[in-house]
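Work through the exercises below with the sequence and the model side by side, and try each task before reading its solution.

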Amino acid sequence: MTDLTLPDLDIVRTWHLPARADEDQADDGRLATMEVRFSMFDVWYEIDSWWEGRFLERTARGSFKRTIAAHRSRKTDSAGVKVLFNHGHDFHIGDKLLGGIDSLTEESDSPLGVVALDDTSYNRDLLPGLRRGGYGSSFMFRVVKDSWDNEPKASEYNPEGLPERTIREVRLFEFGPVTWPANPDATSSLRCVAGTDAYYAQLRSRDPKRVDELRSRISASRTPNGEPPATPALAASGPASTAPTDPARGHSGGLTPGERRRRLYPFLKGDQ
């Protein structure tokens, strides 16, 4: 098992966990109170992502404690964790804030955000769906500390023996409700969609240079001998593709999982 970091890759995970809201009677400018549980602890789920590769992942209890403490220490809301709808990519709402965070805690099963929804027209549009649990939950974060088992034995939860990653510490940037919380083709009751791929596809429409540079670095890490992949480069501008080409189904470009990680994270030492 080896501790790794993803230095500049922001990750999105979405869950089949409803974000719910109840009307508030308090006359304090809030429309309702929303609760969002956004990362079930110790539940294995498969990641099959152009950006990250294919492996199993779980989030360990305690991984949010430091980032929650940092959020609480902020003196202003503008410096802390944000609450957005569809990660700020909704056509009408954009990146307007849904409300202020009343509390952000790590419960026994998941981190829990309790949010005072502002009395706005866009929140009023979201409220009916939130009341009936029609939206799922999602969050954006960066991995601070994780550990890998590169060659696990096949098991009931991992019949293919895919590499297994345990996230042990994160930096949380944002959470909130999303329209499409889970992959309809998945079979488990708690399912993870390739939200990171969708996030970068939409982000590219705003900042194509940043996304293309990151994609180029990751592409090189998946290609033997560092040669550029035999796939067409993305255009410098224009709408993002929601289905980027991939040199191989296993997302490795012919490399083993260990070789791919060593190319992507050159600061690693030893045969890890």
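**Exercise 1.** Decide whether Arg142 is buried, exposed or partly exposed, and then find the salt bridge that Arg142 forms.

*Solution.* Begin with accessibility: Arg142 is partly exposed, because its relative accessible area is 24%, where buried means under 20%, exposed over 50% and partly exposed in between (1.4 Å probe, protein chains only). Before looking at contacts, note that this is a predicted model, in which local features need pLDDT of at least 70 and side-chain atom pairs count only at pLDDT 80 or more, while totals for chains, interfaces and linings use all residues. Residues are numbered from 1 along each chain as its sequence is written, and side-chain values use heavy atoms, with hydrogens and water left out. Next, apply the salt-bridge rule (a side-chain nitrogen of Lys or Arg within 4 Å of a carboxyl oxygen of Asp or Glu), which gives Asp10 as a partner of Arg142, with the closest N and O atoms 2.7 Å apart. This pair links distant parts of the chain, since Arg142 belongs to strand 10 (residues 136-149) and Asp10 to the loop between strand 1 (2-4) and strand 2 (11-15), 132 residues apart; strands here are DSSP runs (E, at least two residues), and helices likewise (H or I, at least four), numbered from the N terminus. Finally, Asp10 counts as buried, at 6% relative accessibility.

**Exercise 2.** Which residues are joined with Arg13 into one network by salt bridges that share partners?

*Solution.* Start from Arg13, whose salt bridge with Glu52 has its closest N and O atoms 2.7 Å apart. Arg13 lies in strand 2 and Glu52 in the loop between strand 5 (45-49) and strand 6 (53-59), so the pair ties together parts 39 residues apart in sequence. Both partners are buried, Arg13 at 1% relative accessibility and Glu52 at 7%. Turn then to Arg165 and Glu57, whose side chains meet in a salt bridge (2.8 Å, N to O). Because Arg165 lies in strand 11 (residues 164-178) and Glu57 in strand 6, this pair ties together parts that are 108 residues apart in sequence. Arg165 is buried at 2%, and Glu57 counts as buried at 0%. The network therefore consists of Arg13, Glu52, Glu57, Asp146 and Arg165.

**Exercise 3.** What is the strand order of the open sheet of four strands, and which are its edge strands?

*Solution.* The order is 3-4-9-8, with antiparallel pairing, where two strands pair if DSSP finds at least two bridges between them. The edge strands are strand 3 (20-23) and strand 8 (99-106), each pairing on one side only.
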